[in-house]
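Please take a moment with the sequence and the model below before reading on. The paragraphs that follow go from the overall architecture to the interior and then to the surface.

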Amino acid sequence: QSIESKGTSRQLRKVNLANIDSKVDVRQLIVDIFKIDTADSVCVRILEEAHTLDSNLQAMFLEELERMPENMYVMFVTSKPEHLLPELRNRLIEFKFNRLSPKQISLLIESECSRLNLRLSKTTKNLIKIHSKGIGRTVSEDMEFISSNMSISEDDFNAYFGDLDFSSFRVMLKSSSDVMMAMQTLDSILENCTITEFIDSLKDYLME
C-alpha cells in the first residue's frame with residue numbers, strides 16, 4: 001500500500017535526492033525522516049539518486065546513520081556507487097542489481113501488458129525491449145506512457161523512445177561498397193542524433 005501511494009506513509013518514505021542541493025535542505029530532510037516522520041513499527045527510507053549529492057552533503061548523513069533506531073532501515077539507491085563518499089559506503093551493505101536478460105525483459109513486457117490491459121504489436125514490444133537496455137524500470141515507464149497515450153502512432157513511439165529508424169542502418173550497411181552513399185547515409189543519420197546515440201542504436205541493431 002505504501003508503494004502504491006508513492007511512498008508517503010510513515011512506514012515507507014521515498015525521496016529523490018536529485019532535488020536536494022543545499023545544507024539547509026539536507027538538514028530538514030534529516031529531521032523529517034530520522035526524527036519526526038517515524039513510526040513505532042519498522043521504518044524504511046529509500047533515498048534515490050544518492051550520487052547526486054556532493055561529498056559535503058553526503059557527510060551530513062553519517063552521524064544520523066550511527067544513531068538510527070533498530071526499527072529503521074535506510075536505502076541509498078544509486079546507479080553510480082563509486083560517487084558515494086567512502087565513509088558513507090563503508091557503513092552500507094551493498095546490493096548489486098544486474099540488467100535483465102532479453103528473456104526476462106520479454107516476460108516483464110508480457111506481465112505489464114496484462115497489468116495494464118494492453119494489446120501491443122510484436123514490433124512495439126520489440127521496440128520497448130531494445131529501448132529498455134535491460135532495465136526493468138524503463139520497461140515499466142515505457143508501458144505506462146503507452147497506456148496513457150493509446151491514440152499516438154508507432155512513429156510517435158519511436159520519437160518518444162529516442163530510437164533511430166533501423167532502415168537507415170540497413171541502407172548504410174548495404175551500401176558499404178559505395179563509400180559516398182554510405183557517408184551520405186551516415187551524415188543523414190547524424191543530423192538527428194549524437195555520436196553516442198548513433199553508436200548505442202547501431203549496437204542494438206546489430207544485436208537484433
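**From the whole chain to single residues**

Of the 208 residues of the protein chain, 36% count as buried, in what is a predicted model rather than an experimental one. The accessible surface of the chain comes to about 13800 Å², and 51% of that area belongs to carbon and sulfur atoms. The secondary structure consists of 11 helices and 3 strands, and the elements, read from the N terminus, follow the order β-α-β-α-α-β-α-α-α-α-α-α-α-α. Among contacts between residues at least 6 apart in sequence, 68% join residues that are at least 24 apart.

The interior can be entered through the largest nonpolar core, which has 23 residues, and in which Leu17, Val26, Phe34, Leu47, Phe61, Val74 and Phe76 touch the most other members. At least two residues of this core are supplied by each of helix H1 (23–36), strand E2 (43–48), helix H3 (62–66) and strand E3 (72–76), with H1 giving the largest share, 5 residues. Apart from this core lies another one, of 12 residues, among them Leu118, Leu120, Val139 and Phe157. To return to valine 26, its contacts, leaving aside neighbours within four places in sequence, are with Ile20, Leu57, Met60 and Phe61.

Polar residues deserve a look as well. Is glutamate 112 buried or exposed? Glutamate 112, which is found in helix H5, has a relative accessible area of 7% and therefore counts as buried, the cut-off being under 20%. Not counting residues up to four places away in sequence, glutamate 112 touches Ser140 and Met143.

Helix H6, residues 122–132, has as its buried residues Thr124, Leu127, Ile128, Ile130, His131 and Ser132. In reading such a list it helps to recall that an α-helix has 3.6 residues a turn, so residues three or four places apart point the same way. Just after H6, lysine 133 takes a positive phi of about 50°.

The last stop is on the surface, where Ile93, Phe95 and Phe97 make a nonpolar patch of about 480 Å². Isoleucine 93 is located in the loop between helix H4 (86–89) and helix H5 (102–116). Because its relative accessibility is 70%, and the cut-off for exposed is over 50%, isoleucine 93 counts as exposed.

How values were computed. Residues are numbered from 1 along each chain as its sequence is written. This is a predicted model: local features need pLDDT of at least 70, side-chain atom pairs count only at pLDDT 80 or more; totals for chains, interfaces and linings use all residues. Side-chain values use heavy atoms; hydrogens and water are left out. Patches are made of residues with over 30% relative accessible area and no salt bridge: like charges are joined within 9 Å, nonpolar side chains (Val, Leu, Ile, Met, Phe, Trp, Tyr) within 5 Å. Accessible areas come from the Shrake-Rupley method with a 1.4 Å probe; for residues, only the protein chains shown count as cover. A salt bridge is a side-chain nitrogen of Lys or Arg within 4 Å of a carboxyl oxygen of Asp or Glu. Helices (H or I, at least four residues) and strands (E, at least two) are DSSP runs, numbered from the N terminus. Buried means under 20% relative accessible area, exposed over 50%, partly exposed in between (1.4 Å probe, protein chains only). A nonpolar core is a set of buried Ala, Val, Leu, Ile, Met, Phe, Trp, Tyr and Cys residues joined through side-chain atoms within 4.5 Å. Contact means heavy atoms within 4.5 Å.
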